[in-house]
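Trainee: I'd like to take a close look at one part of this protein. Could you walk me through it slowly?

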Amino acid sequence: MDLKELKKLAETLDDNSKRELIYFLQSRTKGMSAQVRAIDEIQEQKHKDGLVCPHCTAHAVVRFGKYTVQTRAGVVKRQRYRCKSCLQTFNDLTNTPLQRTRRPHLWVRFIEFMIEGYSLRKCAEEMLGEVTHVTLFYWRHKILAALKQIPTEAFQGIVEMDETYFLYSEKGKRNIAERKPRKRGGKSKYRGISNDQVCVLVARDRQKMTYSGVLGRGRIRKTELDEAIGGHLSDSNVLCTDAWRAFSSYANSKGLAHYKFKSDGKQRVKGVYHIQNVNSYHSRLKKWMDRFNGVATKYLQHYLAWFRYIDSKEYENTASNKKNMLVKSCLFTVADTNKKLRLSAYSC
C-alpha cells in the first residue's frame, strides 16, 4: 500500500480511530528519537571513565561489532563490546532496566506516566494495549530498583530526622498464614506502634539532601539508626528530632549537638532549629502513597526511592526530567528478572 492509499484509508476513520492512529505514528517517531537520545547519553555517562565490563568490572574491553535488534518500532543497531578478561560480550544496556527490551519507543512515555502518577492500568490503556499492566509493573520496579541505588551525599549543617510508619503488607501474596487478607490497605489490629507497623526513617538537611529508608518492624532502635545513617553524618552536623529516646541515645553516643521537640506540639521551634521540613516531607509522602491503597512491604523501599526522586524534581513532567530519570536508572546495575521480583520477600 502506498502513501496515497493510506491517506484515503485514514479519511474513512472516525475521530477516535484517527486519534489512535496519530498516537501510533507519534510513538514511532518522537518515542524512538527520545529513546535514541537517551541511549546516547547513557553510553556517554557509563563510559566517561573508560569502558568497564559489567560482568567482571575489568577495563580490558574492546568494541566487538554491532548487532541488530528487531523491535516493534523497527530495526535498531547497537554497539557490542567484548571483555578480554572474562571473554563475555555486552552492550550499553546490559544489566539495566532496558536490557532485552522489544519496545524501546515506549519507555520514555512510560516514565512520563510515572511522573504524572498514572496507575498501571491507565498506562496500559494510554499505550493502546501495546503493553499489559502486568509487564508495566515489572518495568516500574526495574526502574525503581535502579533509582534506590542513587547515593545520599553527606549531610551539611542542620539535619532534621524523624520516623514514620506504614502498615506491614503482603499485598499480592496468596495464602497469607498469619492473618486474614486486608482490603485496600486496611488497618492494624493493634493500637499504637507494633510489629504490624514498618518503620521508615527520613533525614533531611536544609539543602534538601534526603535519606529515606526502611529500618524494620516496630519501634526504631539506636543500632538501626547507626547502620542506616551513620555514614552520612559528621561532628559538624546538628540533629533535630522528636523526643524518642533512640534519637537521644544515638546523638549522645556520637557526640552530636541535639535538639529535641516533643510530639505534643507545645514548642515547635527553637531559633533556627525545628523538624518542620522533615514533617512536611512525611505529609507529602503519605499523601502520595495513598493512591496505591497499600503497597507490599517488600517493595516499600522502591516506592520511597520513587517519591524521593520526583519530590527532588518538584513533580515536573519536563522532557529533561523524563530523560534524566531514564538515564539515571540505566547507570546502576539491575539484574532482577520478572521472576526474581515476583518471588522476592521482605527480609529487614
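Trainee: How many residues lie between β5 and β6 in their hairpin, and which residue in the turn has a positive phi?

Mentor: Before anything else, keep in mind that this is a predicted model. Four residues sit between β5 and β6 in the hairpin, and the turn residue with a positive phi, about 70°, is Lys208.

Now look at the two arms on either side of that turn. Strand β5 covers residues 197–205, and it runs antiparallel to β6, with seven bridges joining the two. To see one of those pairings for yourself, find Val198: its bridge partner in β6 is Arg217. While you're there, here's a handy thing to know about strands: when they are regular, their side chains alternate between the two faces of the sheet.

Next, follow β6 itself, residues 210–217. This strand is mostly covered, since seven of its eight residues are buried. Compare that with a residue a bit further along the chain, Glu227, which belongs to helix α6 (residues 222–229). Glu227 counts as exposed because its relative accessibility is 70%, and the cut-off for exposed is over 50%. To place Glu227 relative to Leu215, go from C-alpha to C-alpha: the two are 9.2 Å apart in space, with 12 residues of separation in sequence.

Now let's zoom out to see what else the model holds. The largest nonpolar core has 59 residues, and those touching the most other members include Phe110, Trp288 and Trp306. Helix α9 (residues 300–312) gives this core its largest share, eight residues. Pick out Trp306 and check what it touches: leaving aside residues up to four places away in sequence, the list is Met114, Arg140, Leu144, Trp288, Phe292 and Met325. There's also a second, separate core of 21 residues, and Val159, Met161, Leu201 and Phe247 are among them.

Finally, turn to the empty space. The largest pocket holds about 960 Å³, and 31 residues line it. Those nearest its centre are Phe137, Lys171, Gly172, Ala296 and Tyr299. Two elements, α4 (120–126) and α5 (133–147), each give two or more residues to that lining, and α5 provides the largest share, six residues. As for chemistry, the lining is a mix: 13 nonpolar residues, nine polar and nine charged.

So go back to the hairpin, start at Lys208 in the turn, and trace your way out from there.

Conventions:
Residues numbered from 1 in each chain as written. Predicted model: local features only at pLDDT ≥ 70, side-chain atom pairs only at ≥ 80, totals over all residues. Heavy atoms only, no water. 1 Å grid on protein atoms, 1.4 Å probe; cavity = no way out; pocket = protein on both sides within 12 Å on 5 of 7 lines; lining within 4 Å. Points joined across faces, edges and corners; volume = space filled by probe spheres on them. Nonpolar A, V, L, I, M, F, W, Y, C, P; charged D, E, K, R; others polar. Core = buried A, V, L, I, M, F, W, Y, C linked by side-chain atoms within 4.5 Å. Buried < 20%, exposed > 50% of the residue type's maximum accessible area, 1.4 Å probe, protein only. Contact = heavy atoms within 4.5 Å. Pairing = 2+ DSSP bridges.
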